[in-house]
Amino acid sequence: MNENFGYVILTGDRTVSQEMSNVYVTHDGGKSWKETNPTNVTRLIKNGGFVDEQTGFLSSGFINPEEPDLSVTQDGGNSWVRASIPIPEQYNKVFVTAELPFKEEDHLAVLINQGPSGDYRGGKVKGKFLSKDNGMTWEFSTEVLPNETE
């Protein structure tokens, strides 16, 4: 992320729709690495990363997810909690897998895709959600067409 801070997400020991995941961070340009506290999430990791040195995310799911499962840390990985992402009723079981959140103006944004089995409007449309509390809670903003996500 900068010349000092970086992260690595390792996954393995996969069985069925479960896997082990470990997150490591460096604050000295990769000379040393420290494992963060465990997330206690064992579902398959779909996306993950940090948006700054304190705020990180892990998006998990399984073969056919029904709702997004996004863990967030706001203290550099000392603690992880599940973010609240209420899905509007018309998109229930449509937008199911969170991608990596990103900074946008004075808030965070995340695209939530349809997963591997999505077929709403061709399966390519994503939901854009916004967070004003650094990723703890999210609100639906708009549908995003494929050519708008680049």
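## Strand β5 and its neighbours

In this predicted model, isoleucine 45 is the bridge partner of serine 60 in β5. A further bridge to β5 places glycine 48 opposite leucine 58. The pairing of β4 with β5 is antiparallel and extends over 6 bridges, and the two strands form a hairpin with 5 residues between them. On the β6 side, β5 is joined by 5 bridges, again in an antiparallel arrangement. One position in that pairing is serine 59, which stands opposite leucine 70 in β6.

These strands belong to an open sheet of 4 strands, ordered β4-β5-β6-β7, with antiparallel pairing. Its edge strands are β4 (44-50) and β7, each of which pairs on one side only. In general, the strands of a sheet pair through backbone hydrogen bonds, in either a parallel or an antiparallel sense.

## Burial of β5

Is β5 enclosed or open to its surroundings? Because 6 of the 6 residues of β5 are buried, the strand is largely enclosed by the rest of the structure. The burial applies to both faces: Gly56, Leu58 and Ser60 point one way, Phe57, Ser59 and Gly61 point the other way, and all are buried.

## Serine 59

Serine 59 is placed in strand β5 (residues 56-61). Its relative accessibility is 1%, so serine 59 counts as buried, given that the cut-off for burial is under 20%. The side chain of serine 59 reaches the backbone oxygen of alanine 98 at 2.7 Å.

Leaving aside residues up to four places away in sequence, serine 59 touches Leu44, Ile45, Lys46, Asn47, Asp69, Leu70, Thr97 and Ala98. Among these contacts, Leu70 is also the residue that stands opposite serine 59 in β6, and Ala98 is also the residue whose backbone oxygen the serine 59 side chain reaches.

## Nonpolar cores

Which members of the largest nonpolar core touch the most other members? Of its 16 residues, they are Phe57, Leu70, Ile112 and Trp138. The elements that contribute two or more residues to this core are β6 (69-73) and β10. The largest share, 3 residues, comes from β10. A second, separate core of 7 residues includes Phe5, Val23, Ile45 and Trp80.

Isoleucine 112 has contacts with Pro68, Ile85, Phe95, Val96, Thr97, Ala98, Lys126, Gly127 and Phe129, not counting residues up to four places away in sequence. Thr97 and Ala98 thus appear among the contacts of isoleucine 112 and among those of serine 59.

## Aromatic pairs

The count of aromatic pairs comes to 9. In one of them, the rings of phenylalanine 50 and tryptophan 80 have centres 6.5 Å apart and planes at 75°, so the pair is edge-to-face; the angle cut-off for that class is over 60 degrees. Phenylalanine 50 lies in strand β4 and tryptophan 80 in the loop between β6 and β7, so the pair ties together parts that are 30 residues apart in sequence. Both phenylalanine 50 and tryptophan 80 are buried.

A tilted pair is formed by tyrosine 91 and phenylalanine 140, at 4.9 Å centre to centre and with 35° between the planes. Tyrosine 91 is located in the loop between β7 and β8, and phenylalanine 140 in strand β12 (residues 139-144), so this pair ties together parts that are 49 residues apart in sequence. With a relative accessible area of 8%, tyrosine 91 is buried, whereas phenylalanine 140, at 25%, is partly exposed. Ring pairs also link Tyr91, Phe95, Tyr120, Phe129 and Phe140 into a cluster. Of these cluster members, Phe95 and Phe129 are among the contacts of isoleucine 112.

## Backbone angles in the loops

Most residues other than glycine have a negative phi. Where do positive values occur in this model? Lysine 93 has a phi near 65°, a positive value in a residue other than glycine. Lysine 93 is found in the loop between β7 (81-82) and β8 (97-98). Its relative accessibility is 52%, so lysine 93 counts as exposed.

Arginine 121 likewise has a positive phi, of about 50°, although it is not a glycine. The loop holding arginine 121 lies between β10 (107-113) and β11 (126-131).

Methods:
Residues are numbered from 1 along each chain as its sequence is written. This is a predicted model: local features need pLDDT of at least 70, side-chain atom pairs count only at pLDDT 80 or more; totals for chains, interfaces and linings use all residues. Side-chain values use heavy atoms; hydrogens and water are left out. Buried means under 20% relative accessible area, exposed over 50%, partly exposed in between (1.4 Å probe, protein chains only). A polar contact is a pair of N or O atoms within 3.5 Å; within protein, one must be able to donate a hydrogen and the other to accept it, and residues adjacent in sequence count only if both atoms are side-chain atoms. Contact means heavy atoms within 4.5 Å. Two strands pair if DSSP finds at least two bridges between them. A nonpolar core is a set of buried Ala, Val, Leu, Ile, Met, Phe, Trp, Tyr and Cys residues joined through side-chain atoms within 4.5 Å. Rings of Phe, Tyr and Trp (its six-membered ring) pair if their centres lie within 6.5 Å; planes under 30 degrees apart count as stacked, over 60 as edge-to-face and the rest as tilted.
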